[in-house]
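Hi,

Here is the model I promised to pass on. Have a look at it first, then read my notes underneath.

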Amino acid sequence: MQRNMLRAKLHRATVTEADLNYEGSCGIDENLLEAADMKEFEYIELYNINNGERFSTYVIKAARGSGVISLNGAAARKAHVGDLLIICTYAPMTEAEVAGHKPKVVLLDEGNAIKEIRKF
């Protein structure tokens, strides 16, 4: 049996852009992707702290050091610029993997700079 476990999250990411006319996805500053070990085109779940919306899309890289968190296409309807998000990735794991698993949590400040990286 496998369980889907939290692998990584960006906590309190501030939406910097919303582009309804873009084809879709979530642009994330490449520095943040590396800190959370997220990959371009990876499936993500997003949770809007401001309005309770929960939605999913995939990652695209935004410019390194830009602080960009952009919601594109249909995702742009789920949050406004300035809203706070929790952006998560999950992975299937065996019971043996679960026993030693620690998710990576990247805490962000209001400008999307890294405040702290935690492994629980």
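Below is what I found, going from the sheet to the core, the cysteines, the salt bridges and a couple of loop residues.

Some ground rules before the details. This is a predicted model, so local features need pLDDT of at least 70 and side-chain atom pairs count only at pLDDT 80 or more, while totals for chains, interfaces and linings use all residues. Residues are numbered from 1 along each chain as its sequence is written, and side-chain values use heavy atoms, with hydrogens and water left out.

**The sheet**

Nine strands make up an open sheet with mixed pairing, in the order β2-β6-β3-β5-β4-β7-β1-β8-β9. At its edges sit β2 (17-19) and β9 (114-119), each of which pairs on one side only. On average, neighbouring strands here are turned by 30° against each other, with direction ignored. On terms: helices (H or I, at least four residues) and strands (E, at least two) are DSSP runs numbered from the N terminus, and two strands pair if DSSP finds at least two bridges between them. The angles come from axes, which are lines fitted to C-alpha atoms (for helices over the stretch in contact), and run from 0 to 180 degrees between N-to-C directions.

Within the sheet, β1 and β7 run antiparallel and are joined by 11 bridges. One bridge partner to look up is C88 in β7, which is matched with K9.

**The core**

The largest nonpolar core has 23 residues, and L10, I28, L71 and I87 have the most contacts inside it. By nonpolar core I mean a set of buried Ala, Val, Leu, Ile, Met, Phe, Trp, Tyr and Cys residues joined through side-chain atoms within 4.5 Å. Elements that give two or more residues to this core include β1 (2-14), β3 (25-29), α1 (30-36) and β7 (84-94). The largest share, four residues, comes from α1. L10 is in contact (heavy atoms within 4.5 Å) with I28, L32, A36, M38, L85, I86, I87, V106 and L108, leaving aside neighbours within four places in sequence.

**The cysteines**

How many disulfides does the structure hold? Zero, taking a disulfide as a pair of cysteine sulfur atoms within 2.5 Å. For C26, the closest cysteine sulfur is the one in C88, 12 Å away, so this pair is too far apart for a bond. C26 is buried at a relative accessible area of 0%, and C88 is buried too, at 3%. Here buried means under 20% relative accessible area, exposed over 50%, and partly exposed in between (1.4 Å probe, protein chains only).

**The salt bridges**

There are nine salt bridges in the structure, where a salt bridge is a side-chain nitrogen of Lys or Arg within 4 Å of a carboxyl oxygen of Asp or Glu. R7, D37, K39 and E42 are linked in a network of them. R7 pairs with D37, with the closest N and O atoms 3.5 Å apart. Since R7 lies in strand β1 and D37 in the loop between α1 and β4, the pair ties together parts that are 30 residues apart in sequence. R7 also meets E42 in a salt bridge, at 3.0 Å from N to O. That second pair links distant parts of the chain as well: E42 is in the loop between α1 and β4, 35 residues from R7 in β1. R7 counts as buried at 18% relative accessibility, whereas D37 is partly exposed at 38%.

Another of the salt bridges joins R118 and E116, whose closest N and O atoms are 2.9 Å apart. Both ends are partly exposed: R118 has a relative accessible area of 34%, and E116 comes out at 36%.

**Two loop residues**

H101 is in the loop between α2 (95-100) and β8 (104-108), and is buried with a relative accessible area of 18%. Not counting residues up to four places away in sequence, H101 touches M5, L6, R7 and M93, so R7 of the salt-bridge network turns up here again.

G52 lies in the loop between β4 and β5 and is partly exposed, with a relative accessible area of 49%. G52 and L85 are 33 residues apart in sequence, and their C-alpha atoms are 9.6 Å apart in space.

Cheers
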